[in-house]
Amino acid sequence: MTTAPARFFSASISSAARSGVLLMLLGMLMFSLNDVMGKWLVSTYSVGQVVFIRSIAALIVLAPFLWFNGPAKIVQVDRPWLQVARVILSTAEVFAFYFAVVYLPLADVMTYWLAAPIYVAAISPFVLKEPVGWRRWTAIIVGFVGVVIALEPSSQALTPQAIISILGSMFFAFMLLLGRSLRGTPDTTLVFWQIVGAGLAGLVAVSFAWTPVSLRDLVLLALLGVVAMLAHVLVNRALKVADAATVAPLQYTMLFWAIVFGWLVFGDVPRISMLVGSGFIIASGLFIFFGEQQLKRQGRIKAPVETVVTGSGEAP
């Protein structure tokens, strides 16, 4: 029997799988470019201003999809209080991400966010009553060790910015967990309210401080929303044309791009502890992912597989 990793590396990969791999790789590149633009812009404009303008652009791009699916589905939501909680978490996650990249290298922030599925795996047994064996718990512990190594806790390294990064990744993890509970809600509805929540929070924030925006930066701010939505389209398409076990592991290429762009654009040299810690996190995340795939095939869990590609301050 061919295992999922074997299928991923097989030379006889199908045309659909190849298309899925290319779409996923392009989607990860688009997300990474979006993060680079965000880090560049928050050095000049407030986080609230960046979030507000990108939210408007994202809603403009999303509008045709909402119209096609039927505007009524926007307000007809299941379990509204959970929806509100998810919007609050997603808004906090977005602000935490953009605040973190102001002060920390992009690769460091991305490493913390990549740990979100590990938090989900640790919490889901208690919230969703999913079965967890000793192998999965071992992977979870390995992932937490990776976070500690990457964080490099000390009086010098354990800064408020690093702590906010950890909190932001936890907000993202709880958002993913609520996404599993709300899997009956259409994706466009989840995206719409998530963007609206972030946009309203940004509007409140800019009422206290607004920096005049040049035409060039206005275009870049708008592109934040457009590029993010395009990235989501590419990722969703990749998951439709290819098996998740083939394309989902490619989410970790975001760390590669974060290191490359961080070095080329911002002159950030990756720390050894960050590279070692990210290796632990990636290994743990892949083990948990393929383990969940196996449990799903056995019918022991019903929740769809969540991926971290919906992170990085973006709406899934």
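T111 is buried in this predicted model, with a relative accessible area of 1%. You will find T111 in helix α6, which covers residues 106-114. Once neighbours up to four places away in sequence are set aside, T111 touches A150, L255, M274, S278 and I281. Two of these partners, A150 and L255, make good stepping stones for a walk through the chain.

Let us go to A150 first. A150 is found in helix α8, residues 134-151, and is buried with a relative accessible area of 0%. Its contacts, leaving aside neighbours within four places in sequence, are T111, Y112, R271, S273, M274 and G277. Take a moment with G277: the C-alpha atoms of A150 and G277 are separated by 4.5 Å, although the two residues are 127 residues apart along the chain. M274 is worth a look too, as a contact of A150 that also touches T111.

How does this fit the chain as a whole? Among contacts between residues at least 6 apart in sequence, 89% join residues at least 24 apart. The secondary structure comes to 14 helices and zero strands, so to speak an α after α reading from the N terminus on. Of the 316 residues, 49% count as buried.

Now for L255, the other stepping stone. L255 is one of the buried residues of helix α13, along with M254, A258, F261 and G262. Why do these residues share a side of α13? They cover an arc of only 135° around the axis, and this puts them on the same side of the helix. The general rule behind such patterns is that an α-helix has 3.6 residues a turn, so residues three or four places apart point the same way. On the face of α13 turned away from the buried side, you meet the exposed residues W263 and L264. Helix α13 runs over residues 253-266, 14 residues in total, and reaches 19 Å from its first C-alpha to its last, close to the 20 Å expected at 1.5 Å a residue. Just after α13, G267 takes a positive phi of about 70°.

From a single helix we can move on to helix pairs. Two packed helices are described by the angle between their axes and the distance between the axes. Start with α5 and helix α9 (residues 160-181), whose axes come within 8 Å and cross at roughly 150°. That angle makes α5 roughly antiparallel to α9, since angles over 145 degrees count as such. The contact is made by a long list of residues, including L82, A85, L89, A92, A96, F99 and Y103 of α5 and I164, S165, G168, F171, M175 and L178 of α9. In handedness, α5 passes α9 in a left-handed crossing.

S165 deserves a closer look within α9. S165 is buried, with a relative accessible area of 0%. S165 and F99 are 66 residues apart in sequence and 8.5 Å apart in space, C-alpha to C-alpha. Beyond neighbours up to four places away in sequence, S165 touches A100, L104, V109, Y112 and W113. Y112 brings us back to where we began, as Y112 is also in contact with A150.

Helix α5 has another partner. Helix α3 (residues 47-69) and helix α5 (residues 80-103) pack at an angle of about 125°, with their axes 10 Å apart. The two helices are therefore oblique to each other. Here the contact is made by V47, G48, V51 and R54 of α3 and V94, F95, Y98 and F99 of α5. α3 passes α5 in a right-handed crossing. F99 of α5 takes part in this contact, and F99 also belongs to the contact with α9.

Elsewhere in α5 sits Q83. Is Q83 buried or exposed? At 9% relative accessibility, Q83 counts as buried, because the cut-off for buried is under 20%. Not counting residues up to four places away in sequence, Q83 touches V77, D78, L182, T185 and L190.

Our last stop is L239, in helix α11, residues 215-241. With 34% relative accessibility, L239 counts as partly exposed, whereas T111 is buried. The C-alpha atoms of L239 and A17 are separated by 9.6 Å, and the two residues are 222 residues apart along the chain.

Conventions:
Residues numbered from 1 in each chain as written. Predicted model: local features only at pLDDT ≥ 70, side-chain atom pairs only at ≥ 80, totals over all residues. Heavy atoms only, no water. Helix = DSSP H or I, 4+ residues; strand = E, 2+ residues; numbered from the N terminus. Buried < 20%, exposed > 50% of the residue type's maximum accessible area, 1.4 Å probe, protein only. Contact = heavy atoms within 4.5 Å. Expected span 1.5 Å × (residues − 1). Arc of directions from axis to C-beta. Axes fitted to C-alpha atoms, helices over the stretch in contact; angles between N-to-C directions. Parallel < 35°, antiparallel > 145°, perpendicular 65-115°, else oblique. Left-handed = near helix turned anticlockwise from the far one by under 90°.
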